[in-house]
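The exercises below concern burial, backbone geometry, salt bridges and helix packing. Please work through each task before reading its solution.

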Amino acid sequence: MHDNRALIEKRLNRVLNQRLKPAVHRSVAPVRLSVWHVDGGQGEPVPPSEALPGGPAVTEGRYQPADVGLRWGPAWGTSWFHVEASVPAEAAGRRVELFVDLGWENRFAGFQAEGLVYRPDGSVVKGLNPRNLWVPIADPASGGETVDLYIEAAANPKVDHGDTPFAATPLGEKSTAGTAPIYRVNRVDVSVFEQDVWELWQDLEALGGLMLELPDGEPRRWQIAQAIERSLDALDLQDLAGSAAAAREPLQPALGKPANASAHRISAIGHAHIDSAWLWPVRETVRKVARTTSNVVQLLDEHPDMVYAMSSAQQYEWIEQHRPEVFKRVAEHVAGGRFVPVGGMWVESDTNMPGSEAMARQFVYGKRYFLERFGIETEEVWLPDSFGYSAALPQLVKLSRSRWFLTQKISWNKTNPFPHHTFWWEGIDGTRVFTHFPPIDTYNSDLSGRELAHAVRNFRDKGAATRSLAPFGWGDGGGGPTREMIAQAHRTADLEGSPRVAIESPAAFFTAAEDEYAAAAPVWAGELYLEIHRATYTSQAKTKQGNRRSEHLLHEAELWSAAAAVHGLVDYPYDDLERIWKLVLLNQFHDILPGSSIAWVHREARDAYASVTAELETIVETAQNALARASSADGGSDTVVFNAAPHERHGVPAFGAGVAAAAEPVRCAPVDDGYVLDNGVLRVVVDERGLLTSVFDVGADREVLASGSVGNLLQLHPDLPNEWDAWDVDEFYRNTVVDLVDVDELSLVADGSSGIATVRVARSFGASTVVQHISLSAGARRVDISTDVDWHEREKFLKAAFGLDIRAGQAAYETQFGHHYRPTHENTSWDAAKFEVCAHRFVHLEEPGYGIALVNDSTYGHDVRRAVTPGGDTTTTVRLSLLRAPRFPDPETDQGAHTLRYALVPGAGIDDAVREGYAINLPERVTGGAAVEPLVTVNGDGVVVSAVKLADDRTGDVVVRLYEARGGRATATLTAAFDVTAVEETDLLERPFERDALQGVDEGQVSLRLRPFQIVTLRLRR
């Protein structure tokens, strides 16, 4: 037999795309169309009540007649379309739908215009997008039905440009996006849904997709090709609807052959990944969630076997607040078990940069929302798209009472394919979580033959495990599953040559996978580092700085408010703190905090952080003033320092207030056109270039900087990655560098007499200027550097380098509730791929007997490299990544003024790095009053308190969270400054949790024993 398969395949492709798909909706009646462009199309969204009957848009006659062909929608505008029609008699007995094309390109849903359809009474019908263009009218129709619908159409622009990806664009900010209409209404009509045509399309899609994935020598491939040819021969292209049923008949034997007994099993789960902000602002995400969930509940109503999973409690709350009628339908399906809350987090956050408490609160607020609204204890942590995963997560997952973890993002690795798809993930403390990476390598599957075959071939645990998970549905910008995807799942449920596809819940998959493979599954220890998107540790510095500052202000607000409330001095601001926490958590979403969203998003984030800062400062000031006044009333008044850090400072106890020890003068003198600063602990030389040429540790009799190297060297690199501008920094950036050594001004601005000596260094480069203040304080083992940059570079990368005289095979990088190590060498491709990494408040290097730390107040990106001199000495260079200037998606990224603070800490052990990291992020506050006793005191080496607050259930109980910070075993004693009736260990949600840290309570002394990096939450009952 001649091989005519290529001819059949091309024939199939053309018939599907040019004949069958366009014939599914047969127009039977026109519509009467009118439109209201909100504020000329440029306005912000209005409540539906304003646009629907009874609202001013109708009563004031704002709707104007319109026709197909109308151009509408300046970027980010909203237009309301009123559609009226009658179903003709010829459609009687048939399924009738409204077909709507607002001007879409045949591309992904969620990245261009979208719509939400309403009835006149305000109830929602469903959403519209480029992959979902229909609205149900009647099934079956009687003829004569009246169509009266309103469409809220959002003119969201195509920010990504399509053919020119990553090009700078003004579309990411409403004020620069332009006012010209960007869409054209292509088609709106009443149509008959040709069921047989649609079914034939689905049959051919399933078999054609499978056929193309089978080996050339596989008889099944040839058999399918022949069946398809017979089907196409039976199809009358001049009468598609009339011949489609006959054309399906030759396909049924091929569709009816069962899957192989050993076929891989795929648990298909309806899903829509909806970025809480990205190439659209948060306000648009609120509407995206409503559109997607309205589509989903419509599918759930029509398909009883459909199951849909949705993460992010924030998005549920948006529906609840803005579309309560949709939320009611969601809640009904949640109760029925087919709309499944997953994730257990407030948003799908970044996990590299959020601080310890913020990462914990993602689970606290997410899990609590699902418990309170639906009575559901979510067990799956669902983070398919975040840019790498902190090694602290497994313990937090378990402490939130979750069981499983899912992502697929690591499939994006550029260098090293990850070796497992189902495995145990072990965190820094030894906690293990059963984890799955869907081998289908997408969270937006359409269940096509190509994707299903890829999942089978790609699955790296085959032989020992037999199943994987596939989230299906249009995503990123939402959209969700379609009826076509459900049809593909049905046809591949038991089909020869295909994996067996079953629509089921995530819990059903994880339970079966764990039962099958838990005992044999491999273990991956440590972080899940993503070998791409490394620049997200640096892009949008003000967003990152706002996050860091807000986290620490929340720590202060909770601490001082709890102390004042326990003493009866203030009412604890439960509502304010919860609202602020939720806003901060929202802005930790994995495209906001990483700096990879449009300008609009980051402008709103900056505004939010400014508002949060002002409000938290007021809460802190109120509580501190109340505490200070009460202490003064007990006798004595002075200037006191409040210390919110978990370590004693300058004689003031942790979490207390007192008179700071008097500062000794710091010696400073000019030397060789530079300056030398000496506080008896460190001797620091700043040369004529404003660089640190010597940092001498007096007590250790040791020079900290390597011979021939300097400290605080600003370095400028070109920075144009091959793609993903705001996300990526490619390794070749290191090939070219300019050292910024020219000085405009060098002067001594604090002479040390008041206990601090400061040298001011001013530079200019390109279109930018930088002013640095290098300071040494009395008694400090720390050189502080404050860097003010007026940044106007484009596609450049600014770093601060310290060449250190230390040989360390690894560096410790702070993460949530501890730290983890990464090599300083590049022995393997896994090591070399980590050329840019994330740390929180410190990086620490150590050789036997001596360590050095670099701490910061808002920087996350770092790199550490080693070099060996001809004489055999090792120079380890630590660099902080200060600023970038990518042009997509925000062409003005980081332009403007920034203040960044960091400090070099010689002679530092891990304890010192932890202490100084807290200190630089929690500056002391000075006020009038008297000493304030700490609410709680913890004595124990290496044990650090991360939060002191009142219990969320508003009982007045005090909650203390602490952790072991050194990576070793520890004992500690906690003492409260108030009467305690009982102490219990809890989970993150402050529920009793049987753990082993609490050893006993004796006369108010709480004895604790902690494992390495163990997190302990205690409820102190008053």
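A residue counts as buried under 20% relative accessible area, as exposed over 50%, and as partly exposed in between (1.4 Å probe, protein chains only). The model is predicted: local features need pLDDT of at least 70, side-chain atom pairs count only at pLDDT 80 or more, and totals for chains, interfaces and linings use all residues. Residues are numbered from 1 along each chain as its sequence is written, and side-chain values use heavy atoms, with hydrogens and water left out.

**Exercise 1. Positive phi**

Task: Determine whether Trp-76 is buried or exposed, and do likewise for Asp-672.

Solution.
Step 1. Trp-76 is not a glycine, yet its phi is positive, at about 75°. Asp-672, also a residue other than glycine, has a positive phi near 50°.
Step 2. Locate each residue among the helices (H or I, at least four residues) and strands (E, at least two), which are DSSP runs numbered from the N terminus. Trp-76 sits in the loop between strand 4 (71-74) and strand 5 (78-86), and Asp-672 in the loop between strand 25 (667-671) and strand 26 (674-678).
Step 3. Apply the cut-offs. Trp-76 has 0% relative accessibility and is therefore buried. Asp-672 has a relative accessible area of 67% and is therefore exposed.

**Exercise 2. A cis proline and its surroundings**

Task: Describe the peptide bond between Phe-888 and Pro-889, and state which residues Pro-889 is in contact with beyond its neighbours within four places in sequence.

Solution.
Step 1. The bond joining Phe-888 and Pro-889 is cis, with omega about 5°.
Step 2. Pro-889 belongs to the loop between strand 43 (874-884) and strand 44 (896-906). Its relative accessibility is 1%, so Pro-889 counts as buried.
Step 3. Contact means heavy atoms within 4.5 Å. With neighbours within four places set aside, Pro-889 touches Thr-169, Leu-279, Ser-596, Ser-597, Ile-598, Ala-726 and Trp-727.
Step 4. A further cis bond runs from Asp-139 to Pro-140, with omega near 0°. Pro-140 is placed in the loop between strand 9 (134-138) and strand 10 (146-154).

**Exercise 3. Salt bridges**

Task: For the salt bridge of Glu-97 with Arg-483, find the N to O distance and the separation of the two residues along the chain.

Solution.
Step 1. A salt bridge requires a side-chain nitrogen of Lys or Arg within 4 Å of a carboxyl oxygen of Asp or Glu. The structure contains 90 of them.
Step 2. Glu-97 and Arg-483 meet at 2.8 Å, N to O. The pair links distant parts of the chain, 386 residues apart: Glu-97 is in strand 6 (residues 96-101) and Arg-483 in helix 14 (residues 483-491).
Step 3. Glu-97 is buried, at 0% relative accessible area; Arg-483 is buried as well, at 8%.
Step 4. Consider next the pair within one helix. Arg-579 and Asp-576 form a salt bridge at 3.0 Å, N to O. Both belong to helix 17 (residues 574-586), three residues apart, or about one turn of the helix. Arg-579 is partly exposed, with a relative accessible area of 41%, and Asp-576 is partly exposed at 31%.

**Exercise 4. Two helix pairs**

Task: Classify the packing of helix 4 with helix 6, and that of helix 8 with helix 9.

Solution.
Step 1. Two packed helices are described by the angle between their axes and the distance between the axes. Axes are lines fitted to C-alpha atoms, for helices over the stretch in contact, and angles run from 0 to 180 degrees between N-to-C directions.
Step 2. Angles under 35 degrees count as roughly parallel, over 145 as roughly antiparallel, 65 to 115 as roughly perpendicular, and the rest as oblique.
Step 3. The axes of helix 4 (residues 195-213) and helix 6 (residues 240-248) come within 8 Å and cross at roughly 45°. Helix 4 is therefore oblique to helix 6.
Step 4. The axes of helix 8 (residues 282-302) and helix 9 (residues 313-322) come within 9 Å, crossing at roughly 85°. These two helices are therefore roughly perpendicular to each other.
Step 5. In this second pair, Val-282, Thr-285, Val-286, Val-289 and Thr-293 of helix 8 meet Gln-315, Trp-318, Ile-319 and His-322 of helix 9.
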